[in-house]
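Visitor: Could you take me through a close look at one part of this model, the surroundings of the ligand? I'd like the helix packing there, and then whatever backbone oddities and buried spots turn up along the way.

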Amino acid sequence: TDLADYIGDFTGIMERYGQKAVFYAHAGAGEIHLRPILNLKKEEDVILFRKISEEVAGLVKRYKGALSGEHGDGRVRAEFLPKVIGKENYELLRRIKQTWDPKGIFNPGKIVDAPPMDSSLRYEPGQTTPDYKTLLDFSRDGGILRHVEKCNGSGDCRKLPTAGGTMCPSYHATRTEMHTTRARANALREILSQPQDPLRPFDSEALKEVLDLCLSCKACASECPSTVDMAALKAEVMYQYQLNHGYSLRNRLFAGSHELYRLGRVARPLANALMTNPLAASVLKKAAGIHPRRSLPPIPKETWRGWFNNGGNDPAGEKEVYLFCDEFTNYTDPAPGIA
Ligand code: SF4
């Protein structure tokens with residue numbers, strides 16, 4: 001019932017500091033996310049960050065509220081826990097942590113004994129944001145680096161399939177942080193903020209490795225709350241990397257797969273025999289960088305276009321359908337297209 005008063009008092013704090021905030025609320029549950037719009041690359045905003053946090057912690061205490069909602073106390077709010085829950089309760093938390101984790105292995109520095117909330121921040125005061133010329137257009141966000149910086153680390157890309165959604169399939173498969181959208185955004189931000197070679201900022205083996213298992217499925221572009229589009233970022237990084245390093249044999253083979261299949265059709269029985277013979281197939285897969293347990297798709301008797309041009313199309317049909325016939329539908333898997 002005192003939500004409106006609380007928001008009024010919070011707005012008063014913001015006004016005193018000449019600030020604006022983003023309001024986001026699960027109002028029915030009395031839970032609100034209030035985000036002052038601060039630029040933590042500026043020293044004065046880091047100072048404001050602390051001042052506002054201290055005042056809001058006092059306000060929460062006055063309203064007998066809790067500092068954290070579903071996102072936990074983490075490091076940023078932990079410093080204020082003794083103030084909000086009282087020293088006695090805080091000591092109890094410390095004793096529980098000490099009992100179950102005497103060596104401080106699990107999540108050190110979170111909730112209890114946390115470092116100051118304005119230390120080890122993502123950005124250094126005075127840090128600049130280099131601008132890079134890119135092939136794809138990231139101007140909507142002010143450039144590629146600013147697009148990457150949109151990741152706020154919420155970790156939605158670590159949701160499991162049971163939570164619904166698709167993001168992020170590589171994490172679903174490996175359950176390793178390195179294969180999340182967040183890890184890829186973190187690596188990109190670090191490397192592009194302070195590139196080893198400013199003239200070749202994308203020239204990084206570490207970046208290539210962390211992006212390697214991204215399937216470019218684009219699920220993050222719609223499911224990430226900050227709409228980080230890792231597929232577009234990966235395409236840009238790989239394009240820039242290959243400008244300096246050339247294209248690998250594997251990339252050339254995949255990019256020209258339609259030509260290979262067209263040639264393979266000239267001697268289809270021989271090509272199929274090679275692709276299904278275990279020894280020959282393993283040599284081909286090794287050369288093309290394909291996992292040994294994957295099978296190579298045999299060349300079917302007829303391409304989709306062949307079927308269509310040989311009367312597969314029913315001109316008497318009443319309905320018109322537009323089909324985008326890609327190289328896979330045409331050369332390796334015409335059945336779904338025919339269906
Ligand atoms: S595009 Fe890459 S990072 Fe984004 S959800 Fe798909 S696999 Fe994950």
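Guide: What follows starts at the ligand and works outward through helices and loops.

Keep in mind that this is a predicted model. In it, 13 residues surround the ligand, and the closest are C168, R184, C214, C217 and C220. The elements that give two or more residues to that shell are α7 (181–193), α9 (219–223) and α10 (230–245). Sorted by class, the shell has nine nonpolar residues, along with two polar and two charged ones.

Let's stay with C168 for a moment. This residue sits in the loop between α5 and α6, and the peptide bond leading into it from M167 is cis, with omega near -10 degrees. As a rule, most peptide bonds are trans. So one of the residues listed as closest to the ligand comes right after a cis bond. That same stretch between α5 and α6 also holds G155, which counts as buried because its relative accessibility is 18%, and the cut-off for buried is under 20%. G155 and G72 are 83 residues apart in sequence, yet their C-alpha atoms are 13 Å apart in space.

Now for the helices. Packed pairs get described by the angle between their axes and the distance between those axes. For α7 and α10, the axes come within 11 Å and cross at roughly 40 degrees. Angles under 35 degrees would count as roughly parallel, and roughly perpendicular begins at 65, so this pair is oblique. The crossing of α7 and α10 is left-handed. On the α7 side, T181, R184, A185 and L188 make the contact, and they meet M230, L233 and V237 of α10. By class, that contact has five nonpolar residues, one polar and one charged. Notice R184: the residue is listed among the closest to the ligand, and it also takes part in the contact with α10.

Further along, α10 also contains Q242. With 11% relative accessibility, Q242 counts as buried. Leaving aside neighbours within four places in sequence, Q242 is in contact with Y247 and N251.

Just ahead of α10, in the loop from α9, you'll find T227. Its phi is near 50 degrees, a positive value in a residue other than glycine. For background, most residues other than glycine have a negative phi. T227 is partly exposed, because its relative accessibility is 35% and that class runs between 20% and 50%.

There's another positive phi, about 50 degrees, at S120, again not a glycine. S120 belongs to the loop between α4 and α5, and at 63% relative accessible area it is exposed. D101 is in that loop too, between α4 (87–100) and α5 (144–149), but D101 counts as buried, at 6% relative accessibility. Measuring C-alpha to C-alpha in the model, D101 and E44 are 38 Å apart in space, with their positions 57 residues apart in sequence.

For another helix pair, try α12 (residues 257–266) and α13 (residues 268–276), whose axes come within 5 Å and cross at roughly 115 degrees. Y261, G264, R265 and V266 from α12 meet R268, A271 and M275 from α13. Those residues divide into four nonpolar, one polar and two charged.

Conventions. Residues are numbered from 1 along each chain as its sequence is written. This is a predicted model: local features need pLDDT of at least 70, side-chain atom pairs count only at pLDDT 80 or more; totals for chains, interfaces and linings use all residues. Side-chain values use heavy atoms; hydrogens and water are left out. A residue is near a molecule or strand if one of its heavy atoms lies within 4 Å of it. Helices (H or I, at least four residues) and strands (E, at least two) are DSSP runs, numbered from the N terminus. Ala, Val, Leu, Ile, Met, Phe, Trp, Tyr, Cys and Pro count as nonpolar, Asp, Glu, Lys and Arg as charged, and the others, Gly among them, as polar. Axes are lines fitted to C-alpha atoms, for helices over the stretch in contact, and angles run from 0 to 180 degrees between N-to-C directions. Angles under 35 degrees count as roughly parallel, over 145 as roughly antiparallel, 65 to 115 as roughly perpendicular and the rest as oblique. A crossing is left-handed if the near helix is turned anticlockwise from the far one by less than a right angle, and right-handed if clockwise. Contact means heavy atoms within 4.5 Å. Buried means under 20% relative accessible area, exposed over 50%, partly exposed in between (1.4 Å probe, protein chains only).
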